[in-house]
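Student: Could we go through this protein together, taking one question at a time and reasoning from the model to each answer?

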Amino acid sequence: MGQSTDAVPTPSPPASPPAPRSKTAEVVQRIRRLIHDGTLRLGDPLPSTRALAAEWGVARGTVTAAYEQLDGEGYLRTRQGAVTRVAAVVHVGPDAADARGGAGAPASAQGARPTPADAVAARLAIDATPGHPAIAAISAADMRAAWRAALGAPVRAATTPPEGTAELREQVAAQLALSRGFAPGAERVIVCAGTGDALSLVVDALRSRAGRAPRIVVEDPGYIGGRRALTGSGAELVPVAVDEEGLDLGALSRVRGADAVMVTPTHQYPLGSVMPVARRRALLEGAARAGVVVIEDDYDSELRHRGSPVPALAALDAEGVVVHAGGFSKILDPRLRCAYLAIPPGPVGEALRAAREARGPVVAEPVQLALAHLLRTGALRRHVGRARRDYAHKRDRIAARAERLAAAGVRAAALQGGLHVVLTWPPALVVAADVVARLAGRGIRVADLSRYAATPRTAAALNGVVVGYGDITPTQVDAVFDALEELLGVPSGPLPG
């Protein structure tokens, strides 16, 4: 870890600290206190491990271990070759900003008596809505190398190929073969400007085949952005309920005239179920018989926290009915606006290729070349491994906190993978919309689960919230759950772990 060049004084140990159980615990405790009392603020650099070890009279390995622990807790952000910096806002003074760059949390509700949870939330403006990965987690050195490679590449043509650069398509095909269990070949990969563009392209292809607006079955509840992309492109949606194993195939069999069905089989969004192999095979066999296209939204398959990654639905596709949609938003950065389709051979694939050709290229070539570099060098794989460990640490913390919530009848789901947890409870306890509003008054944003419903009937049956934890720290996770416990009437007691 390099020596800091920032003009920030070396933190001095507080007087007469309590006797810790180990030297590492002592260093961890001291740095935590400096963050809590506002001596160290968001973005402040810490000394190198060598410098702080000399200042505090401990071994360098002790400081290294302490930095690693505080990184896992979300207080610090450490990266090889970079200065360690404060990553969590805990103390906020008059001029401080929150961890997402804002001006602080809104005040508690008018006239409400402040509570301990209010006090924490007032210091932390937390966006715990789903869909936000930790975009700063990738190595800065790897990103710089990727952009240098992209911008240094020779210009080969005036325009980028509509289907995407050969470099990125080859790397995506190789990645799918390694991690998702099927090898489509680069010629069957189409680059898209995010999932919305990919789904819109599917609608165009289906319309060209059917000569009318396509009817597409969607999960209920399901992905809001996906439904918007489909309807915005002119598709007619047919909501079908999901159960503990994903899309209800019995209800699907009663739908007539469908052209396609969109599913999230690896990690149903938002409820988190995994579609078992028997149901996957039945879905594919039924789709092949009916001439229905299956759109597989494989949005976060890399982020599996428990058990091995589940093979893609496309890996079981012997009939050529699956259009596999993936991308880089959840594992890297949604601002890159880059996704892809792995298309099946035959008429559906040809219609998709023609639709891409008609629209032209949509992702800037330097972005595609940078992503190809990250894949080819293994940098993206290393990043995913590090990010998965960070996410798993927060996931385990949430699972422990969910045990406390269970005392109030709260059920936690979707924790096997991904970056969110679904919390549901009986409406008689409290209406979820009230919880969402009261959390917002404390500076904490979560999503109302009923928003993901595609029909009023489903919305009425969903009482709960969706909490995203990708881009919040473990400290902020605790602030969210402290507030939830109070609002849901969970008995006080020692924190788990």
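The questions and answers below concern a predicted model.

Student: How many helices and strands does the protein have, and what share of its residues count as buried?

Tutor: The secondary structure of the protein comprises 16 helices and 16 strands. A residue is called buried when its relative accessible area is under 20%. Of the 497 residues of the protein, the share that counts as buried is 53%.

Student: Is P474 buried or exposed?

Tutor: P474 belongs to helix 16, which covers residues 474–487, and the residues it touches, leaving aside those up to four places away in sequence, are G72, E73, G74, H393 and K394. D71 is 403 residues from P474 in sequence, yet the two C-alpha atoms are 9.7 Å apart in space. Because its relative accessibility is 10% and the cut-off is under 20%, P474 counts as buried.

Student: Which residues line the largest cavity?

Tutor: The count of cavities of 30 Å³ or more comes to 3, and the largest cavity holds about 60 Å³ of space. By class, its lining consists of 4 nonpolar, 3 polar and 2 charged residues. The lining residues are P130, G131, Y269, Y299, D300, K330, G418, L419 and H420.

Student: What is the volume of the second largest cavity?

Tutor: The second largest cavity is lined by V218, E219, G222, Y223, R227, M262, T264 and D297, a set that divides into 3 nonpolar, 2 polar and 3 charged residues. The volume of this second largest cavity is about 50 Å³.

Student: Which residue does a cis peptide bond join to Y269, and what is omega there?

Tutor: Y269 is one of the residues lining the largest cavity, and its cis partner is placed in the loop between strand 8 (260–263) and helix 10 (277–290). A cis peptide bond also joins D220 and P221, with omega about 5°, and P221 lies in the loop between strand 5 (215–220) and helix 8 (224–232). For Y269, the residue joined is P270, and omega is about 10°.

Student: Why does A414 count as buried, and R337 as partly exposed?

Tutor: R337, in the loop between strand 10 (322–327) and strand 11 (339–342), has a positive phi near 50°, while A414, in the loop between strand 12 (411–413) and strand 13 (420–424), has a positive phi near 75°. Buried requires a relative accessible area under 20%, and partly exposed lies between that and the exposed class, over 50%. R337 is therefore partly exposed at 45%, and A414 is buried because its relative accessible area is 3%.

Note on methods. Residues are numbered from 1 along each chain as its sequence is written. This is a predicted model: local features need pLDDT of at least 70, side-chain atom pairs count only at pLDDT 80 or more; totals for chains, interfaces and linings use all residues. Side-chain values use heavy atoms; hydrogens and water are left out. Helices (H or I, at least four residues) and strands (E, at least two) are DSSP runs, numbered from the N terminus. Buried means under 20% relative accessible area, exposed over 50%, partly exposed in between (1.4 Å probe, protein chains only). Contact means heavy atoms within 4.5 Å. On a 1 Å grid over the protein atoms alone, a cavity is a set of points where a 1.4 Å probe fits but cannot get out, and a pocket is an open set with protein on both sides within 12 Å along at least five of seven lines; lining residues have an atom within 4 Å of a point. Grid points are joined across faces, edges and corners, and a volume is the space filled by probe spheres set on the points. Ala, Val, Leu, Ile, Met, Phe, Trp, Tyr, Cys and Pro count as nonpolar, Asp, Glu, Lys and Arg as charged, and the others, Gly among them, as polar.
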